[in-house]
Amino acid sequence: MSIDLTTSFCGLTFKNPIIVPAGIHGRDGKTIKDISRSGVSAICTKTIVAQPVSDVLPCLTTVPAGMINSVFGSDKTTEYWFTEGIKEAGEGDALVIANLAGFYPAQAAELAAQAEAAGARMIILPTHCPHMGEILNAMFPGMNYQEPKLTDLAPMIESVRLVKEAVSCPVVVKLSGTFSHITREWAEGVKEAGADGIACSDALGPALKIDTRTGRPILGGPRGVGGLTGPAIMPITLRMVLDIALAVDLPIIGIGGVTTASDVIEYMMAGATLVGVCTAGHLKGPDRYTEIINDLEELLRDLDVSSPEEIRGLTIKKIEEREEKGRVAVTEKIIPTINEERCTSCGRCEQVCAFGAIRIDGAAKIDPDRCSGCGLCLSVCPVDAITQVYYN
């Protein structure tokens, strides 16, 4: 079957649904141009700001299933970005998206107009950085930077209004992971503001890692905190994307924790049109972008679909089916079945069963009287030898 990865988003055509959100691989024009050879359809600049600030060091560290960063916006000047950077980036094989932020709405609009004039094909406006305030106040005593209230949408709405007046290219608002409990309110606010799309999400946090040899925070800054990215946040950001898709009809860029093509599929099934891959590229190198794109094509073929559009929003349809069939709160357990020919007797299901319902006797065996029907054994079986169907 021929697979067509071409994707339409906000009136622009992307050769596939994979983009690189704001991060290290968007640090300058040359890097964007180089990374574009990986096959991704678009790359975001690091956040362009009117007054670049150096990062407090160290600013990056790994954690189990992710990474913490205390990175600010771009350390390049606006003069660089608008005379050289975006132009050089545009010589690559990927669309250039300008991620930018102003300290006030009118400044954001001014930056956006210059970015579009320099060749940016889309503008992304971030909303909240979980570590920025305390670090800025430490670096610039007397600045008295006030953390924005998470429920105050007015600055975002005004920024979108002014940016939309200043540019003709699509304007997308990137939600912060710190909005995870109020995603619907922010989605509705972005829609009201007149934005063309929503990206979700930026890092969660603030997050912390400590050096147990010294007791010191690993990262720089007053408390050594930063934004958490990577696989650890995907279950939350995936749910946020679903919430957005259920709340508004704006196109969505799903971002957060993607490391495999299967993760990409999940985001698209939740309602995303484009999917951002960032931390995986940092930790595994740009070849990981290429691998995910190639794997995505194979996964779609396995699903017997010819394009990403055929699976977009599938999870929403399945949720609606649960309600229609009156199966939103199933309480009668179903005992899993074991395919003994496929079972390798690895023991993972026995190990995780807190009810003592599974034992390995040649193949895995389940005691129906002990089994609670929880389903955990399915998720740890490495060979898909366990079946349990609650929802047809």
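A residue counts as buried when its relative accessible area is under 20%, and as exposed when that area is over 50%; partly exposed residues lie in between. The structure in the viewer is a predicted model, and this tour applies those terms at several of its stops.

**First stop: H128**

Please select H128, in the loop between strand 8 and helix 4. Is H128 buried or exposed? Its relative accessibility is 12%, and H128 therefore counts as buried. Now display T178 as well: the side chains of H128 and T178 are joined by a polar contact of 3.0 Å.

**Second stop: strand 9 and its neighbours**

Next, select residues 171-175, which form strand 9. How many residues of this strand are buried? Five of its five residues are, and the strand is described as mostly covered. In a regular strand, side chains alternate between the two faces of the sheet. Colouring the two sides of strand 9 separately is instructive: V171, V173 and L175 lie on one side, V172 and K174 lie on the other, and all of them are buried, so that both faces are covered.

Keep strand 9 in view and add strand 8, residues 122-126. These two strands pair in the parallel sense, over four bridges. Within this pairing, I124 stands opposite V172 of strand 9.

Then add strand 10, residues 197-200. Strand 10 runs parallel to strand 9, and four bridges join them. V172 serves again as a landmark here, standing opposite G197 in strand 10.

To follow the chain between these two strands, select helix 6, residues 183-193. Strand 9, helix 6 and strand 10 together make a β-α-β unit, which is right-handed.

**Third stop: a nonpolar surface patch**

Turn now to the surface and select F103, Y104, M139, F140 and M143. These residues make a nonpolar patch of about 470 Å². One of them, F140, lies in the loop between helix 4 (132-139) and helix 5 (154-166). F140 counts as partly exposed because its relative accessibility is 38%.

**Fourth stop: a salt bridge between distant parts of the sequence**

The structure holds 19 salt bridges. For one of them, select E134 and R223, whose closest N and O atoms are 2.5 Å apart. Which parts of the structure does this pair tie together? E134 belongs to helix 4, whereas R223 lies in the loop between strand 11 (204-208) and strand 12 (225-229), so the salt bridge ties together parts that are 89 residues apart in sequence. R223 has a relative accessibility of 48% and thus counts as partly exposed.

**Fifth stop: helix 10**

Select helix 10, residues 287-302, and show the side chains of E297 and R301. Their salt bridge has its closest N and O atoms 3.7 Å apart. Because the two residues are four apart in the helix, about one helical turn separates them. E297 is partly exposed, with a relative accessible area of 26%, and R301, at 27% relative accessibility, also counts as partly exposed.

Add E298 to the selection. E298 forms a salt bridge with R301 too, and here the closest N and O atoms are 2.8 Å apart. E298 and R301 are three residues apart in helix 10, about one turn of the helix. The relative accessible area of E298 is 43%, so this residue is partly exposed.

**Last stop: K30, D34 and R37**

Finally, select K30, D34 and R37, which are joined into one network by salt bridges that share partners.

Terms used
Residues numbered from 1 in each chain as written. Predicted model: local features only at pLDDT ≥ 70, side-chain atom pairs only at ≥ 80, totals over all residues. Heavy atoms only, no water. Buried < 20%, exposed > 50% of the residue type's maximum accessible area, 1.4 Å probe, protein only. Pairing = 2+ DSSP bridges. Right-handed = clockwise from strand over helix to strand, strands pointing away. Patch = residues over 30% accessible without salt bridge, like charges linked within 9 Å, V, L, I, M, F, W, Y side chains within 5 Å. Areas by Shrake-Rupley, 256 points an atom, 1.4 Å probe, with all protein chains shown as cover. Salt bridge = Lys/Arg side-chain N within 4 Å of Asp/Glu carboxyl O. Polar contact = N/O pair within 3.5 Å; in protein donor to acceptor, adjacent residues only side chain to side chain.
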